[in-house]
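I opened this notebook to record what I looked up in the structure, entry by entry. The entries go from strand pairing to the core and then to a single loop residue.

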Amino acid sequence: MKSMVRTSLRLVALLVAPLAVAETHTINQQDKTFSAEEITIKVGDTITFPNSDPYFHNVFSLSMTKFFDLGTYGQGESPSVTFDASGTVEVECAIHPDMYLVIEVTP
Ligand SMILES: [Cu+2]
């Protein structure tokens, strides 16, 4: 009987685990700066990078944790990136060298 309860609990744990819902965060780009200098997120989370400036940005990262390049995009566009591994991600803009953001992706 005890082992049946244990098995049931394990089954419930398996069913519940995937419901630890991934979150979506927003890092706005305005006045040639990211809306945060640092953000901590969890593996599986997504960050959207809306461009609120009347000129182009090109958000990218050369970090091993997450390598990406969103390309050149204009005002009102809002591309996103999902982070599938833990670690540190340094984010820059190819057009504005002063733009810098650090993302800590935690397990
Ligand atoms: Cu930029």
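**Strand E9 and its partners**

I began with strand E6 (residues 59-61) and strand E9 (residues 87-93), which pair in the antiparallel sense over two bridges. I counted two strands as paired if DSSP finds at least two bridges between them, and I took helices (H or I, at least four residues) and strands (E, at least two) as DSSP runs numbered from the N terminus. Within this pair, phenylalanine 60 has glutamate 92 of E9 as its bridge partner.

Before going further I noted that this is a predicted model, in which local features need pLDDT of at least 70 and side-chain atom pairs count only at pLDDT 80 or more, while totals for chains, interfaces and linings use all residues. Residues are numbered from 1 along each chain as its sequence is written.

I then followed E9 to strand E10 (residues 100-106), with which E9 pairs in the antiparallel sense over six bridges, and I found that a hairpin of six residues joins E9 to E10. Across this pair, valine 91 stands opposite leucine 101, and glutamate 90 stands opposite valine 102.

**The two sheets**

I placed these strands in an open sheet of five strands with the order E4-E10-E9-E6-E7 and mixed pairing. Its edge strands are E4 (38-42) and E7 (68-69), each of which pairs on one side only.

I also traced an open sheet of three strands, again with mixed pairing, in the order E1-E5-E8. Here the edge strands, each pairing on one side only, are E1 (24-26) and E8 (80-82). The twist averages 20° from one strand to the next, where axes are lines fitted to C-alpha atoms (for helices over the stretch in contact) and angles run from 0 to 180 degrees between N-to-C directions. E1 and strand E5 (residues 46-48) run parallel and are joined by three bridges, with threonine 26 standing opposite threonine 48 in E5.

For the whole chain I recorded one helix and 10 strands, in the sequence pattern α-β-β-β-β-β-β-β-β-β-β.

**Core and contacts**

I looked up burial next: a residue is buried if 20 or more other C-beta atoms, placed from the backbone, lie within 10 Å of its own, exposed if 12 or fewer, and partly exposed in between. Buried residues make up 16% of the 107 residues in the chain.

The largest nonpolar core (buried Ala, Val, Leu, Ile, Met, Phe, Trp, Tyr and Cys residues joined through C-beta atoms within 7 Å) has 12 residues, including Phe34, Phe49, Val91, Cys93 and Leu101. The elements that give two or more residues to this core are E9 and E10.

For contacts I required C-beta atoms, placed from the backbone, to lie within 7 Å. Leaving out residues up to four places away in sequence, cysteine 93 touches His57, Asn58, Val59 and Met99. Of the contacts in the chain with a separation of 6 or more, 47% are between residues 24 or more positions apart.

**Asparagine 51**

Why does asparagine 51 count as buried? I found that asparagine 51 counts as buried because it has 23 C-beta neighbours inside 10 Å. Asparagine 51 lies in the loop between E5 and E6, and, not counting residues up to four places away in sequence, asparagine 51 touches Gln29, His57, Tyr73, Gly74, Gln75, Gly76 and Glu77. I last checked the C-alpha atoms of asparagine 51 and lysine 32, which are separated by 9.5 Å, the two residues being 19 residues apart along the chain.

Methods: Two residues are in contact if their C-beta atoms, placed from the backbone, lie within 7 Å.
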